[in-house]
Amino acid sequence: MYNIAKAAFRNKNSTVASLLYSHQSRSISRQSSKLVKPERMAEKEEDKKVTRVLFCGPHLPDSYNFTRDYLQPYPFIQADVAHFRDVPEVIKNYHICVTLLMQMDSYVISRATNMKLIMQFGVGLDGVDIDAATKHGIKVARIPSEGNGNAASCSEMAIYLMLGLLKKQNEMQMSVQSRLLGQPTGGTLLGKTVFILGYGNIGIELAKRLKPFGSRVIATKTSWPASVMNSDSSLVDEKGSHEDIYTFASKADIVVVCLRLSKETAEIVDKKFISSMKKGALLVNIARGGLVNYESAYQGLESGHLGGLGTDVAWSEPFDPNDPILKFKNVIMTPHVAGVTEFSYRSMAKVVGDVALQLHEGLPLTGIELVN
């Protein structure tokens, strides 16, 4: 079955994949009719006194809606949203670009002739060609996850996915439909060892929430400050570095992926990693789909070595609802909403709005993390 699934869904040249791609494109096109189109595509004389912000993509709509709400008192800041396919044509008219899961490659960036800043509505910048932006004199920034509710929201989603797998969410729904009581028999976080792969802001918030459940927390980080590494931290029971990830995976009942996606971390959860996990251990991903190798996850589920997969992110987004990985009853997928809460989104909308105001007034940019 795996080979059939792989041929159908991983080969871009296959007939099935082509049909699915066409269906997906039509689906996105239908969504685009709901988008608020940029009102003025060509720059006019009066636009020269306006700072223009472009949100790129049909997804994560409240990022734009909440930012527009925040900027209502400031008519000299104009916020628009455009579909992915329209961005290359209109981006030249904007000063700030907010990427919403769009690939900002060198071609798109080369057309952003008035752009001063490209920023993500959140933490990840894996879709932005930072070198190309630097070459064209454009700053690139992310919104730090601490202080705006994003890290807390993502850690709560990790708890949700862990509990969903432990309590066998999909099987419970089957029992409801079949009018069965007292089944399935689930598990608890009590007594479980949870490996946080990537102990950053989200990992810290997750560790805080796991302790009251009675879980043992182990974590790896590229480098630990000496003050933390040598301290008797009450949050982390065992600390390790990147070289320890396979050893830690072998100790864990649950692995939670919290890393940023980069060339170094892409597909870090591969066949070797999953094979090193305990038989029946659970895998949860709240970071980026590209951190987990699709074939390895599929094989782990099919063989029964992987006890369950809970993921808020996918290998390509939006994810195909007919993908064969979703046939497994021990897979829970959510639509990239770990950080999508009103509190976090209004907090990040304020950051975007404030940055636009600062840029308009020629002030230093605050509240964001510049990466070039």
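This is a short chat about a predicted model, covering some strands, a helix and a few backbone details.

Q: What kind of model is this, and how are residues numbered?
A: The model is predicted, so to speak of local features pLDDT must be at least 70, side-chain atom pairs count only at pLDDT 80 or more, and totals for chains, interfaces and linings use all residues. Residues are numbered from 1 along each chain as its sequence is written, and side-chain values use heavy atoms, with hydrogens and water left out.

Q: Let's start with strand 11. Which strand is joined to strand 11 by four bridges?
A: Strand 10 (residues 282–285), and the two run parallel. Strands here are DSSP runs of E with at least two residues, helices are runs of H or I with at least four, and both are numbered from the N terminus. Two strands pair if DSSP finds at least two bridges between them.

Q: How does the chain get from strand 10 to strand 11?
A: The path goes through helix 13 (residues 294–303), and this β-α-β crossover is right-handed. Right-handed means that, with the strands pointing away from the viewer, the path from the first strand over the helix to the second runs clockwise.

Q: And what does Leu309 stand opposite in strand 12?
A: Val331. Strand 11 and strand 12 run parallel and are joined by three bridges. In strand 10, Leu283 has Leu309 as its bridge partner.

Q: Are the faces of strand 11 covered or open, then?
A: Both are covered: Gly308 and Gly310 are buried on one side, Leu309 and Thr311 on the other. Buried means under 20% relative accessible area, exposed over 50%, and partly exposed in between (1.4 Å probe, protein chains only). In a regular strand the side chains alternate between the two faces of the sheet.

Q: New topic: helix 9. Which residues are buried there?
A: Helix 9 spans residues 201–210, and its buried residues are Ile202, Gly203, Glu205, Leu206, Ala207 and Leu210.

Q: What covers them?
A: The cover includes helix 7 (150–166), strand 6 (193–197), strand 7 (216–220) and strand 9 (254–257). Contact here means heavy atoms within 4.5 Å.

Q: Where are the cis peptide bonds at Pro184 and Pro318?
A: One joins Gln183 and Pro184, with omega about 10 degrees, and Pro184 lies in the loop between helix 8 (169–177) and strand 6. The other runs from Glu317 to Pro318, with omega near 0 degrees.

Q: What is phi of Arg179?
A: Near 60 degrees, a positive value in a residue other than glycine. Arg179 is exposed, at 78% relative accessibility.
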